[in-house]
Amino acid sequence: MARAFARSGCSRFAITDLKSLASTKDALLDINPKAQILSREGDIVDESFVNSFMTDVSNRFARLDYAVNCAGILGQSLYCHETPLSASDRIMDANVTGTWLTSKAALTLMLSQEPLDHPGQRGAIVNIASQLGIVGRPTAGNYVQWFLNNIH
C-alpha cells in the first residue's frame, strides 16, 4: 500500500508495524529517494502507543491527510472448536480494536487541522477488511464467524 502511494507521488509517510519496517522504508526510498519517512515499531492494540505515534506524526508532518489501516492477523489455522479464547482475543484485538484505535486517533488529528481544498474535508481514512469477511475458510471459523455476525 505504501509503495502504491509513493508511486502516485506521495512523499511523506508514517508507517508502523509489530516488526521491522526496514524493507518497507527501503522500498519507499527506492521509489522516491527524497521521501520523508517516520517509522515506529509498535502494537496498534496498545492505545498509548497509537496516541504516541499519532503525536509523532503531527509533530513531524504537521498534518495527516490519509490514514490507511491494513493491519490484521489470521492466527493459526484451526477449526472454530479448536481455537482457544486467547487466540481469538488476539485476532479480534488486532483486526477490530486496533483498526478502531488507529481510526480514532487519526480522526482526532484530522479534526484539529485546517480543511483541505475540498470544503470541510480534513483527510480520509481507509480501513482494509479481510477477504475472509466474504470468503469462507474451514480453519478460520472463529475469524469468519465474527465477520458474518458483524458485517451487514
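Buried means under 20% relative accessible area, exposed over 50%, and partly exposed in between (1.4 Å probe, protein chains only). This is a predicted model, in which local features need pLDDT of at least 70 and side-chain atom pairs pLDDT 80 or more, while totals for chains, interfaces and linings use all residues. Residues are numbered from 1 along each chain as its sequence is written, and side-chain values use heavy atoms, leaving out hydrogens and water.

**Exercise 1. Classify the ring pair of Phe 5 and Tyr 66, then that of Phe 49 and Phe 53.**

Step 1. The whole structure holds 2 aromatic pairs (ring centres of Phe, Tyr or Trp, the last by its six-membered ring, within 6.5 Å; planes under 30 degrees apart are stacked, over 60 edge-to-face, the rest tilted).

Step 2. For Phe 5 and Tyr 66, the centres are 6.0 Å apart and the planes stand at 40°, so this pair is tilted. It links distant parts of the chain, 61 residues apart: Phe 5 is in helix H1 (residues 2-7) and Tyr 66 in strand E3 (residues 66-69). Helices (H or I, at least four residues) and strands (E, at least two) are DSSP runs numbered from the N terminus. Phe 5 is partly exposed at 24%, whereas Tyr 66 is exposed at 52%.

Step 3. Between Phe 49 and Phe 53 the ring centres are 5.9 Å apart and the planes at 15°, so the pair is stacked. Both residues lie in helix H3 (residues 47-61), 4 residues apart, about one turn of the helix. Phe 49 and Phe 53 are both buried.

**Exercise 2. Find where the salt bridges of Arg 90 and Lys 104 lead.**

Step 1. A search of the whole structure gives 4 salt bridges (a side-chain nitrogen of Lys or Arg within 4 Å of a carboxyl oxygen of Asp or Glu).

Step 2. Arg 90 pairs with Asp 43, with the closest N and O atoms 3.5 Å apart. Arg 90 sits in helix H4, and Asp 43, 47 residues away, in the loop between strand E2 (36-41) and H3.

Step 3. Lys 104 meets Glu 47 at 3.4 Å, N to O. Glu 47 belongs to H3 and Lys 104 to H4, so the bridge ties together parts 57 residues apart in sequence. Glu 47 is partly exposed at 37%, and Lys 104 is partly exposed at 38%.

**Exercise 3. What is unusual about the phi of Ala 62, and where does this residue lie?**

Step 1. Its phi is positive, about 75°, although Ala 62 is not a glycine.

Step 2. Ala 62 lies in the loop between H3 and E3, and is exposed, with a relative accessible area of 61%.
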